[in-house]
Amino acid sequence: MVPQATWVLIYQGANIGSDALMVVYTDFDHGKSDEIEARFEDKLHRWKGSWYPEKGDVIDLSIGWLGQGLLPCGKFEVDEIDFTGPPDTVIIRGLAAPVTDSLRTKKTRSFENKTLREIAEQIAGEHGMSVDGEIEDITIKRVTQNDERDLEFLKRIAEEYAHVFAVREKVIFFSTIKSLEEQEPVAIVPRTEMKSFDFNDKTHEVYKACTLSYHDPETAKLIEVTVEDPDVKTGDTLKVKARVESEGQARTRAEAELKKANAKKLTGRIEIVGDHRMIAGNNIQVTGLGKLSGKYYVETSRHRIERSAGYTTEIEVRRVP
């Protein structure tokens, strides 16, 4: 028997999943809010009248296969509404709650003598949120949020110290990139199960080492710290200048810059039959593609269910050691 795709779509407390023509759930691993898009027929014009969506309305989505369990995608707040026709259709787009206007307001301020976790917790607390996950014990003497949105600022400082973060309802989850890449693959994806794929292997802008230069605040001397990527046999040296407070912090920043620069060496996009294990932050094992086969980290996953076409998953991945 062919499995049947299914979803549960709760809108302002009412289950309207049976009315949807299509739902798309997009899951990001870092620095962006997850997204939802739901498409409805509106030939009776109810969505233009008494059902008219309001920004801030809450949508709760779960997707999967009938009888095989559902992936809870979380709660989303309505952010954008499109009306098209003919035939009359409404498209509702939402962001993972609660990505409020205040989170998207640009600010300028400084944080002094705080750990990375303390900075994240202060920002989260300002929005009624909490922080969870793995954050290394890094103390920063001073860092400035310079006309940046809170999410943009958190993304920047997370990347500077080789972390990623994601917003899940009222929690900001942090992880080190190293710990995510070291996880065992959640699934094997053979070539025979791919509906389509494309991969890109860059030969330029791949670096063997990174040299970070900084002025020692005590001696006023220019100090250089160099780190190498053991997985790159040959390549140029990435040159970075940064404001850091110690040699240890300089080494951490250099490692993060090198990892970020080399992260896009081998990337890919894979489309398969819907699989709720394919979520951002997980690893998969690709097989049947020769030298392209190996372990990949899922950066973005997009789950699409259409009444006319079933359930498919598209993932954006990058190769990891």
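Helices (H or I, at least four residues) and strands (E, at least two) are taken here as DSSP runs, numbered from the N terminus. The model is predicted, so local features need pLDDT of at least 70 and side-chain atom pairs count only at pLDDT 80 or more, while totals for chains, interfaces and linings use all residues. Residues are numbered from 1 along each chain as its sequence is written, and side-chain values use heavy atoms, without hydrogens and water.

A good place to start is the largest pocket, a pocket being an open set of points on a 1 Å grid over the protein atoms alone, where a 1.4 Å probe fits, with protein on both sides within 12 Å along at least five of seven lines. Its lining (residues with an atom within 4 Å of a point) comprises 31 residues, with Glu181, Asp229, Asp231, Lys259 and Pro321 nearest the centre. At least two lining residues come from each of α3 (177-181), β16, α4 and β21 (310-319), and α4 contributes the most, six.

Two of these elements, β16 and α4, also meet around a small group of strands. Here an open sheet of three strands runs in the order β16-β15-β17, with mixed pairing; strands count as paired if DSSP finds at least two bridges between them. The edges are β16 (222-228) and β17 (236-241), each pairing on one side only. Between β15 (residues 207-215) and β16 the pairing is antiparallel, over seven bridges, and Thr211 stands opposite Thr226 in β16.

Notes
Contact = heavy atoms within 4.5 Å. Axes fitted to C-alpha atoms, helices over the stretch in contact; angles between N-to-C directions.
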